[in-house]
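I opened the model to look up two things: what lies around one of the ligands, and how one of the helices is packed. My entries follow.

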Amino acid sequence: MSALIARQAPSAAEHLADLAVQALVDEADLSPKPGLVDRRGSGAHSDLHLGLMHASAQSLWPAFAAMADAARREGRVSQALRETLGQLGRDGEAEMLRVTAGVNTHRGAIWALGLLSAAAMLESGASAGGIAASAAALARLDDPAAPHNPDSHGARVCRRYGVLGAREQAQHGFPAVIEDGLLQLLASRRAGAGEQNARLDALLAIMSSLTDTCVLHRAGLEGLTRMQAGARAVLEAGGAASLAGRRQLRLLDRDMLALNASPGGAADLLAATLFLDRLAPHAPAPTGSN
Ligand SMILES: CC(C)(COP(=O)(O)OP(=O)(O)OC[C@H]1O[C@@H](n2cnc3c(N)ncnc32)[C@H](O)[C@@H]1O)[C@@H](O)C(=O)NCCC(=O)NCCS
Ligand SMILES: Nc1ncnc2c1ncn2[C@@H]1O[C@H](COP(=O)(O)OP(=O)(O)OP(=O)(O)O)[C@@H](O)[C@H]1O
C-alpha cells in the first residue's frame, strides 16, 4: 500500500542541501568545459572522472544539511556559528576523501557552498547579493580550530604570485559569482542562448577574471593569463551559443589540456552561481519559453 511510505516535505535545511548537491551535479555534467571533468571525459585530470564527481557531490549532502541546520538554530552570523561551520566543513571534507579514496574532488566547493547554504538559511528570501554578503561576514570571522596549511596548493601560489584565493573570494562576498557568473547567466539566457550555453558562458565569465589557484598551481602565470584571455575571447566571439564562440571554446579547451591546466576554482564558483540562481530566481523567462 502506498500509504506505507510516509511522504514528508523536506525541511528548509534539507531543501538547501538538495540545491547545493544539484548545483554540483549540474556543474559536473555541463559540457564541454575547458580542462575540467565533464560528460566527455576527465579533462586535464588523471585522478578524476564524472562518476567520482557525482559520488563526491552526493556524499556532501549531510554536510550541507548540517551547516544549514546549524544556521537555523543559531539564527544569526556569530563566532559560534563560524566555528560550527568550520568543523562541519572539515567533517564533510573527510567524508569526501573517504568516498574518493583520497582524491580532492570538491574542497573549494565545500567552502563556497557550505558558507552559502548557511547564509541562505539566515537570509531566507534575500537576493543572491544579500546571501553572498552574509556568507562573506561568516568567512571573515576567524576559525581558531582551522588547520592553517601554508603548504596547500592555494596558499603556496597565493604567496608566490601575490594573488587572492578561495578564502578571500568568500570574504569579499563572492564577486566572481555575483558580478560575473550570475550576470552572464542572465544575459545569455535573455539573449536566447539556451540553458547549457548560458551556463557555459557563466563559467567563461568567471574564468575571464578569476585568479584560479588550481590553474596557477598547475600551469603558472602563463596558464592563468591564457585561461583568462581565452575565456574572454569566447565571450567576445559571441559566447558558447555562437559558431565563432564554439570555435574559440575548442581552442581554449585544447590550450588548457596542453598546459595541463584545469579551472577548478572557476568550476566551484559556477556551482555557487547555479545554487544562488535556483534559490533566488531573478531571471525573466527566456523569450519564447512559457
Ligand atoms: C579556504 C579553503 C578552500 C582552503 O583554501 P586553500 O587555498 O588553502 O586550499 P586549496 O588550494 O587546497 O583549495 C582551494 C580550493 O578552492 C578553489 N579555488 C581556487 N582558486 C579559487 C578562487 N580564486 N576563488 C574561489 N575558489 C578557488 C579550488 O577549486 C580549490 O579546490 C578551505 O578548504 C578551508 O580552509 N576550509 C576550512 C574549513 C572551513 O572553515 N569551512 C567553513 C565552512 S564551509
Ligand atoms: N568538473 C570539475 N572538474 C575538475 N575539477 C573540478 C570540477 N568541479 C570542481 N572542481 C574543483 O577543482 C579542484 C581540483 O583541482 P586540482 O586537481 O588542481 O586539485 P588539487 O588536488 O589541489 O591538485 P592536483 O590534482 O594538481 O594535485 C577540486 O578541488 C574541485 O573543487
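**Around ligand 2**

I looked up the side chain of His153 and found one of its N or O atoms 2.8 Å from an oxygen atom of ligand 2. I count that as a polar contact (a pair of N or O atoms within 3.5 Å). Asn104 has a polar side-chain atom 3.0 Å from an oxygen atom of ligand 2, and for the side chain of His45 the N or O atom is 3.3 Å from a ligand oxygen.

I noted that this is a predicted model, where local features need pLDDT of at least 70 and side-chain atom pairs pLDDT 80 or more, while totals for chains, interfaces and linings use all residues. Residues are numbered from 1 along each chain, ligands from 1 in the order written, and side-chain values use heavy atoms without hydrogens and water.

How many residues surround ligand 2? I found 19 (a heavy atom within 4 Å), with Glu27, Val37, Thr105, His153 and Asp268 among the closest. By class, 6 are nonpolar, 8 polar and 5 charged.

**Helix α6**

I checked the length of α6, residues 128-140 (helices are DSSP runs of H or I, at least four residues). Its 13 residues should span 18 Å at 1.5 Å a residue (times one less than the number of residues), and the end C-alpha atoms are 18 Å apart, which agrees.

I listed the buried residues of α6 (under 20% relative accessible area, 1.4 Å probe, protein chains only); among them are Ala128, Ile131, Ala135 and Leu138. The buried residues pack against α4, α5, α8, α9 and α13, with contact meaning heavy atoms within 4.5 Å.

Methods. A polar contact is a pair of N or O atoms within 3.5 Å; within protein, one must be able to donate a hydrogen and the other to accept it, and residues adjacent in sequence count only if both atoms are side-chain atoms. Ala, Val, Leu, Ile, Met, Phe, Trp, Tyr, Cys and Pro count as nonpolar, Asp, Glu, Lys and Arg as charged, and the others, Gly among them, as polar. Helices (H or I, at least four residues) and strands (E, at least two) are DSSP runs, numbered from the N terminus. Buried means under 20% relative accessible area, exposed over 50%, partly exposed in between (1.4 Å probe, protein chains only).
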